[in-house]
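Trainee: I would like to go through this structure and test the labels attached to it. Can we take them one by one?

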Amino acid sequence: MLTRVVRVGRRLWTAWDADRGGTVLLVLLAGVAIAVPALNQLAPASSALHLSTYSLSLIGKYLCYAMLALALDLVWGYGGILSLGHAAFFALGGYAMGMYLMRQIGSRGVYGDPILPDFMVFLNWQKLPWFWVGFNHFWFALLVIAALPALLALLFGWFAFRSRVTGVYFSIMTQALSYALMLAFFRNDMGFGGNNGFTDFKDILGFDLHEDGTRVMLVVVTAAALAASYLACRAIVGSRAGRLFRAIRDAESRARFLGYRVESYKLWVFVFSAVLAGIAGALYVPQVGIINPGEFAPINSIEAVIWVAVGGRGTLFGAAAGAVLVNYAKTYFTGALPELWLYALGALFVLVTLFLPRGLVGLGASRRRAVQAGAAAPVIWALGSHVGVSLGSKLK
Amino acid sequence: MIRPPDLPSPGKILTLDDVTVSFDGFKALDGLTLSVDRGELRCIIGPNGAGKTTMMDVVTGKTRPDHGSAWFAEDVDLLALSEPEIAQAGIGRKFQKPTVFESLTVFENLELAIWGDKSFWKDLVARLTRAERRHIDDILDVTGLTTERAALAGTLSHGQKQWLEIGMLLMQEPELLLVDEPVAGMTPDETHRTAELLLSLAAEHSLIVVEHDMDFVRSIARRVTVLHEGRVLADGDMGRVQNDPLVVEVYLGA
């Protein structure tokens, strides 16, 4: 009995020692999954401890962003592949979920059509377009949520990696991809609700989305999905394939001359990352209650890069923490000092780049990865100027 | 992978025949014909622009020649294979600038260099076998990096990186090793140790060493080939090559 306790204790200690940051993340997520239902459902509304509906949706949103950051950190932090188009995968997952939620509305829409969503009735469409067929089934939506980002990443990555497109060129191409999708989704005749996108969702799997209980469940599911994603990313990074992925960033031609088809390693990690981003987007939409083409905006992908950089790239848990921290700051600033937020974000990015190349995680840790942070500096600089231009144009 | 019709004498590890490579009209290789025996340690020297690196690029599949043929172990057509396929076939290449995976440990660098069928899905679940661990330990020993096994490769000295890279090639158990300027930037002591390392490898592997450092070449070379303007200028043992008036004129005399 005692030896068993000792053995379990030792195993727990080893797990903790091997990945302290990750363990903290997992414990915090477990905490969220316990505390959120308790504070919302059990604490009376008058109590100071009560978690409001607004807070619920904020927490859910942060967790989805953390998942997107995790996906981005996997390709950028470990493979040096700076994708500035991850918002596109996020939005595609979101749209797939949105299509399911739209079909769930049924005849409760403004026009009361049992099949056609309101915007189609408004456009005088008589029939559901073929690509909307099947979205009345939740399982079908789930399939598309994973398959659509995967397919796009596979197609795009196959061409890009096979043609050995790397560095800033890859980043610009992903940005262009995201932008092109945004323009396409803005068009009414695309069949995705044009610039209004989808909103006015009623329920998911029969549960009312306006009920706190449903929202609590969504937060818990998101926390579980984030934990599972973290474990999956950690398993990939810790495998030989993951080490090779890092090796490709250090010396791609060396890996090639060792006999590795480096394109396929990049491609599969990229595809996996896109799927994670898609799932994050799908969890995001029912919690914020809307999806529109703005989610494809280039600035969204860039903000995700900033979360990762602020948290600490190449650590996974740092990226997740960065997403939550920056977005918490964003919520606060856009409320208190709305006109200053973009400046604050830009300044944060520049300061982190200059003084904390390894992000906030780097504050406490040893200098083990100082080498790779140094290698990232030029990319960060290229990105910094890009962010500057984007922010500038947005401010106008 | 059919044997060429006019097969050269058996026992050749590498045969280049009339290889021509031109870049925008400049002929980096101009009808280069060269063969290396199995188990040989061949040094290739020549002034800058003589075509040494281009020759390595052709052999490893990085550059495709406009003309000519390249055969490995007499029956492998190098011009029909991609870079990874050539590496898998048994040709290892050490770059001029030491190229190792800087953010991984020395041990991990060698692990990734393990010979075998490589695919993302297999590597996702791959575990080191006992034999592989032993192999890595042996290579750590040969390259003198045993005490550095847990160090990040990025923290190694220049010479240690060169040895690690050679060690990574050895993990692949290549039949032919191409080594580009192994002692550039090394201290005399490191140069000496590198010479010993290469000589100890020559029996089991075939080596082609490109080097500028003439003292180093003198210390290891059995047979030297001098390249000039993309073709072979002279070929033979060091003494003969050194006294060749043509060689003296274009290279040694300079």
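Mentor: This is a predicted model, so bear that in mind throughout. Start with the surface of chain A.

Trainee: Which residues make the nonpolar surface patch of about 410 Å²?

Mentor: Val350(A), Leu351(A), Leu354(A) and Phe355(A) make that patch. Leu354(A) sits in helix α14 of chain A, residues 341–355.

Trainee: Why is Leu354(A) called partly exposed?

Mentor: Its relative accessible area is 46%. Buried means under 20% and exposed means over 50%. Leu354(A) at 46% falls in between, so partly exposed is the right label.

Trainee: What makes Pro114(A) exposed?

Mentor: Exposed needs over 50%. Pro114(A) has a relative accessible area of 57%, so the label holds. Pro114(A) lies in the loop between α4 (86–105) and α5 (118–122) of chain A. Setting aside residues up to four places away in sequence, Pro114(A) touches Gly106(A) and Ser107(A). The C-alpha atoms of Pro114(A) and Leu142(A) are 22 Å apart, with their positions 28 residues apart along the chain.

Trainee: Now chain B. Why does Thr191(B) count as buried?

Mentor: The cut-off for buried is under 20%. Thr191(B) has 13% relative accessibility, so it passes. Thr191(B) belongs to helix α7 of chain B, residues 188–201. Beyond its neighbours within four places in sequence, Thr191(B) contacts Val183(B), Met186(B) and Phe216(B).

Trainee: What makes β2 and β5 of chain B edge strands?

Mentor: Take their sheet first. Four strands form an open sheet in the order β2-β1-β4-β5 in chain B, with antiparallel pairing. β2 (26–37) and β5 (76–77) each have a single partner strand, so one side of each has no neighbour in the sheet.

Trainee: How do you know that β4(B) and β5(B) pair?

Mentor: Pairing takes at least two bridges. Two bridges join β4 (residues 67–72) to β5(B), so the requirement is met. The two strands run antiparallel. Phe72(B) has Val76(B) as its bridge partner in β5(B).

Trainee: What is the strand order in the mixed sheet of chain B?

Mentor: Six strands form that open sheet, in the order β6-β7-β8-β3-β9-β10. Its edge strands are β6 (91–94) and β10 (231–236), each pairing on one side only. Neighbouring strands are turned by 20° against each other on average, direction ignored.

Trainee: What makes β7(B) and β8(B) a parallel pair?

Mentor: Five bridges join β7 (176–180) to β8 (206–210), and the two run parallel. At least two bridges are needed, so they count as paired. Asp180(B) stands opposite Val210(B) in β8(B).

Trainee: How do you know that β3(B) is mostly covered?

Mentor: Five of its five residues are buried. Leu41(B), Cys43(B) and Ile45(B) point one way, Arg42(B) and Ile44(B) the other. In a regular strand the side chains alternate between the two faces of the sheet.

Trainee: Which strands does β3(B) join in the parallel sense?

Mentor: Four bridges join β3(B) to β8(B), and four join β3(B) to β9(B). Leu41(B) has Leu207(B) as its partner in β8(B). Ile45(B) stands opposite Val226(B) in β9(B).

Trainee: Which strands does helix α1 of chain B lie across in this sheet?

Mentor: Helix α1 (52–59) lies across β3, β6, β7, β8 and β9, at about 145° to β7(B). α1(B) also lies across β1 (12–23) and β2, at about 115° to β1(B).

How values were computed: Residues numbered from 1 in each chain as written. Chains lettered and ligands numbered in written order. Predicted model: local features only at pLDDT ≥ 70, side-chain atom pairs only at ≥ 80, totals over all residues. Heavy atoms only, no water. Patch = residues over 30% accessible without salt bridge, like charges linked within 9 Å, V, L, I, M, F, W, Y side chains within 5 Å. Areas by Shrake-Rupley, 256 points an atom, 1.4 Å probe, with all protein chains shown as cover. Salt bridge = Lys/Arg side-chain N within 4 Å of Asp/Glu carboxyl O. Buried < 20%, exposed > 50% of the residue type's maximum accessible area, 1.4 Å probe, protein only. Axes fitted to C-alpha atoms, helices over the stretch in contact; angles between N-to-C directions. Contact = heavy atoms within 4.5 Å.
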